[in-house]
Amino acid sequence: MASSNKAARDGEKIWKTNVDKVNAELVTLTYGTMVAQLCSDFNHKYVEVNKQLDKMGHNIGMRLIEDFFAKSGVQRCGNLRETAETISKIGFKMFLNITPTVSNWSADNKSFSLIFDENPLADFVELPNDGRAQDELWFSNIFCGILRGALEMVQMQVEAHYISDVLRGDDTTEMRITLLRYMEDEMPPDDE
């Protein structure tokens, strides 16, 4: 638990001293506009919108990891538990000033959840009332792609997906991350 508390302190320090701030409402409204445009472009085929958000996030994550290491000074984590704490308490804190809770570890320690008490991307958002968005659209799916892309750059292939979202009427927003494998000296896939 000592490393968890240290990670929380490090995340707070980095947020206060090493990160350029952007107006949260600007980010929220810009992201919302982008999601709305994707919904329009893909004729409200939300499964395809989810794929596009994940793909965009993946590309962002592949680049964001460099900024993370440069500004945080964090060294490579020794295992998935350390990685989860670093993502939660330093990564999300550093870029979004939030700290999702790490929980629901699988018995084999290869899978965990991030529980979001707050989600700045979801402020001011109402999903389309078309009878499908509540069941099909994962509004913040870009986060899943960002985590996949960033972790891929440190040789961790993961699957990330939402299992609940308050925007869909659930009690919590929960993302599930599963380690698929550690990659050995592989080149990242071509950007699409």
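The bend at a residue is the angle between axes fitted to the seven residues ending there and the seven starting there. With that in mind, and remembering that this is a predicted model, select residues 46-72, which form helix 3, and look at Arg-63, where the helix bends by about 30°. Then extend the selection to Gly-73, the residue that follows helix 3, and check its backbone: its phi is positive, near 70°.

Next, turn to the sheet, which is open and has four strands in the order 1-2-4-3, with antiparallel pairing. Select residues 101-103 for strand 1 and 156-164 for strand 3, the edge strands, each of which pairs on one side only. From one strand to the next, the twist averages 25°.

Keep strand 3 on display and add residues 173-182, which make up strand 4; these two strands pair in the antiparallel sense over eight bridges. Within this pairing, pick Met-156, whose bridge partner in strand 4 is Tyr-182.

Now add the helices that meet the sheet. Helix 4, at residues 80-96, packs on the sheet and touches strand 1, strand 2 (111-116), strand 3 and strand 4, while its direction makes about 15° with that of strand 2. Helix 6, at residues 142-152, lies across strand 2, strand 3 and strand 4, and runs at about 165° to strand 3.

Finally, select two cysteines. Cys-39 counts as buried because its relative accessibility is 4%, and Cys-144 is likewise buried, with a relative accessible area of 0%. Where a disulfide requires a pair of cysteine sulfur atoms within 2.5 Å, the count for this model comes to zero.

Notes
Residues are numbered from 1 along each chain as its sequence is written. This is a predicted model: local features need pLDDT of at least 70, side-chain atom pairs count only at pLDDT 80 or more; totals for chains, interfaces and linings use all residues. Side-chain values use heavy atoms; hydrogens and water are left out. Buried means under 20% relative accessible area, exposed over 50%, partly exposed in between (1.4 Å probe, protein chains only). Two strands pair if DSSP finds at least two bridges between them. Axes are lines fitted to C-alpha atoms, for helices over the stretch in contact, and angles run from 0 to 180 degrees between N-to-C directions. Contact means heavy atoms within 4.5 Å.
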